[in-house]
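Biologist: Got a minute to walk me through this one? I'd like to start with the surface and then go inside.

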Amino acid sequence: MTATTTARPALATGGRRPRRRAPARDFRTTRWGWAYSAPAVLIFAAFVIVPTGYTFYVSLWKWNALNPAMSVYRGLGNYQRLFDATQPTFLSSLWHSLYFSGAMVVGGTALSLALALLLQRGGALLNASRVALFLPHATPMIATSMIWVWIFNPRFGLADWMLHSLHLPTSQWLQSSTSAMPAVIVYSLWHEVGFTTVVFLGGLAVLPNELSEAARMDGCSAWQEFWHITWHQLRPVTVFVVAITAITSLQAFTQFYQLSDGGPVYATTTLSYLVYQEAFVLSDTGYGAALAVVLFAVTVFFTLVRRRTATGADSALT
Amino acid sequence: MRYRIAAVASLAALSLSACAGGGTPATTTTAPAASGQELAVPTKPVTITFEEAMTIGTLKPAMEKLVSDFQAKYPNITVKLQGDPDYATMYTKEKAEVQAGNAPTMGQAYESWASYFQSGGALTPISELAGTDTPTEMSTFYKGVQKDLALGDGKTWMWPFNKSVLILFSNADMLKADGQAAPKTWDDYASVMKAVSKNGVTGSTIDPGSATAAAFGTQWFEILDKSNGGTLYDADGTPHLNDAGAVTALTYLKSLKDAGALATGKNYPGETALGAKKGAFDISSAAGYGFEKATVGGKFNLGISALPAGPAGPVNELTGTNIVVFKNASTDQKAAAWAFLKFITSPAEQAGWASTSGYLPVTAQALPLMQDFVAKNPYETAAVSELDTAFALPPHSWIFKCQGYEATAIQDVLDNGAAPTAALGTAQTACTAAKAQG
Amino acid sequence: MRQRPNAQRPNYLAGLGSLVWLALVGLPLYVLLISTLRTTSNYSTQGPLSFPSQLTLSNYLSAFDNGFGQDFLNTLIVTVSVVGIVLLVVPPLAYAIVRAKGRTISVVFRVFLLGLAVPAQAVIVPMFYVISKAGLYDHLIGVILPTAAFSMPVCTLVLTGAMRDITPDLYEAMAIDGASPWRVFRQLVLPLSKGGLSSIVVFSALQAWNGFLFPLILTQSDSTKVITLGLYNFQTEHGVDVPGLLSAVVLSMLPIFVVYLFARRALVQGLMGVGGK
């Protein structure tokens, strides 16, 4: 901040010849990095790292939340309980997490890529849907979940009414163990796809056109052009979308809390919902913490697997 | 209970290890011997807080009247209401506040919640407030209510508040048009339900509850079990969730469902279906009268009757909560809280509260003071008489989880078509494990 | 949104597809709006799509009776503060990560990325202890700090991506000119990462506005209640005031909707930056 040239636009400085080299002031050779990162690191440490470490610690105890002094050390006892628990079993909640995340990753990525391509290619017809595109994602999940509870009402709901009007078979939606998870997925796609579509649009907007044009001159069909050129070029963006969708769906909570309460019969009890239920509702804090550690490990595992398979160019994304 | 952590940001995890290892003296978990001295009402200004789920929604006027009457009598005491929208949220908040060392003076609590709080040393026993474990006021309460105030140690830890029983709401016009009378037994009820289930009408829609919250559907199952002669839980909390009575009860529900006379839903589905003329009956709390009336909105005559009876006679279950006084309050606050508890259960206040809220008075002495209300609501007499016999589940912390397992079994049978024996067997296993965990 | 120059020919399939999407998005919102204009007793007897026979605005009034104004103000405070904190601390961090040498800073970056894997509900109990021991329980700041902390990993990721796009030549030029790191940051890095900055504003604002779990656990009074919790006032014991609830839902979405209409381009452009190059 030795302000001799402050008013000058930064980019213009390149043109002038230096009087002297000042390597000591190059950021990369100083230790000033700490000063720049300290505020963020402090907040992050206090509210993410410390609570995470604490969760590891609590997971070793039969934790008495009302009075921690009365807690009893259990070692790995809470982790052993993972395999003894019956209602729900640990494996079923892990499976529900993977079911939900898998559907969101595959469905969400495919749907948003398709929508992005449609929106990019369609003409004026589409202006209205451009407006609508992002809207669901901007609504509070808790608010729109409440609406979808009524849409999914098997007796008075909109979904039932529409299928009925079209003479299609109806569903019990959230009221049955088989259809509850698909119903939650439908809602979650409705809420999330706007976000990932915009990310894809961003990727499409900066794609160079030369390759596509060359392909078209070579007589490639639209599908071939997409498959061999566009899709390939979009790879870093796709990797990002897949990673972020996987992480957010493994951690999804609000829609399960509001739409299905983890039921019926634990059919929508995912690991991330169970963590909350055990730790906070059922006051089984130590067990809940052990589940949280497992959820953390599962998420890290998927992140690492993805990094292994990603190419070097985009590994900075996750 | 109160310990300090010097550096929150970096040392929390480390210093807590010291705490958990027994660095602070464990608080007492048993009721101290009664002092024989009742706490005197404080004369200097004191503020007490009350965590409740009444002031959000239609019960606000009734609740606020209790408070303003009390404050008029004791001008130096201020009662601050901390309203929560529903019981599940309230329980979460109360636990959070106790953990934060920020407990309210008093809070509404179910028996199993009170047991959990007591196990963590977070409650004040009534004996510390009244000087005796059995204050004279208790003898004026209905017998079922009296029995509902003790915890597992046999001592009194709760004071009654919004008590009610279940009653049967119906679409009187629909029943009349079909030539059906109000059912007297559960067998009658089943046949009427099946008879009216046609043309898009389903006899009744219930909320079976969920793994984390019981609902009226759960309580209906508990009532059916007892009216079949079953006992879901011994006094010490030992579960019998797959005994004959329970299996019969759940099989009964299943047969109704299979006949298309029963549906399941969420968020007071019975009320919605009844109001939409898609249901003939709704089993709900007597205190739900105002809500039922609003939903029906004059579209038809709302019928109200006592619950049908089973082979073991008429059975009803208490609904609603008690009040507990938390431990961290100052002596003045405890004294003020005790004055508040005695005040709101006095006959005059109970008469006013019951007439405006729809909850039942906890003492028969209130009835002569609310004759207008009783005349307009003929079900009231029958409902309060059931307060003498209505049962409550035994007060143990794991019952909260076990009710979740009951609800899950009901869901499994009604929504997934599972066999009642198998579903209840699973619930029994899980509940036994929960009891062992404590 | 930039159009590809060769995309002018109308694509009817695309048009149809987007109309279906429009219906999927619009129908729930239409039902929502219509339901708020019905009276409590007739919302379930009429078909979900039919226009109500009796129009009423009483449901909106009841939303305001339930303290919606206060909730709105609290949510606004939380959102603005979270965005403010993120904008204050994340850009310097991202700059340090991109430009500073040393093992520590790359460890810091890795730790922040690991933070992506921490679900909020997994740390809710410890978070509760930290907040209450710090005396922040039931204060808005106790919601603001955790919300900001939890939006940091994604914001850091996005912003470092944007800053890596600045070519080394520009840094060299400024260094040769004798510019201090702070001046480089202010005059070169910040102006050139505008896209990334608007991305993190949008992201953290949405996180804060729609936040539910932290307010649920970390606040309790009316004076600290945010909109997402206020919605629960309509879903009480014994009954749900559906039209009232839906009116509050509409009101809770309205500010976002208005911002969205006016700032759609910036919003969408900001988010487009998220995916990187």
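Biologist: About how many Å² does the nonpolar surface patch made by Leu254(C), Phe257(C), Val258(C), Leu261(C) and Phe262(C) cover?

Modeller: Keep in mind that this is a predicted model, where local features need pLDDT of at least 70, side-chain atom pairs count only at pLDDT 80 or more, and totals for chains, interfaces and linings use all residues. Side-chain values use heavy atoms, without hydrogens and water. A patch takes residues with over 30% relative accessible area and no salt bridge (side-chain nitrogen of Lys or Arg within 4 Å of a carboxyl oxygen of Asp or Glu), joining like charges within 9 Å and nonpolar side chains (Val, Leu, Ile, Met, Phe, Trp, Tyr) within 5 Å. With areas from the Shrake-Rupley method (1.4 Å probe; for residues, only the protein chains shown count as cover), those five make a patch of about 500 Å².

Biologist: Is Phe262(C) buried or exposed?

Modeller: Phe262(C) sits in helix H12 (residues 242–272) of chain C; helices (H or I, at least four residues) and strands (E, at least two) are DSSP runs, numbered from the N terminus. Buried means under 20% relative accessible area, exposed over 50% and partly exposed in between (1.4 Å probe, protein chains only). At 75% relative accessible area, Phe262(C) is therefore exposed.

Biologist: In E12(B), which residue is the bridge partner of Gly107(B)?

Modeller: Gly107(B) is buried in strand E3 (residues 106–109) of chain B, pointing the other way from Met106(B) and Gln108(B). Strands pair if DSSP finds at least two bridges between them, and four join E3(B) to the antiparallel strand E12 (residues 322–326) of chain B. The partner there is Val324(B).

Conventions: Residues numbered from 1 in each chain as written. Chains lettered and ligands numbered in written order.
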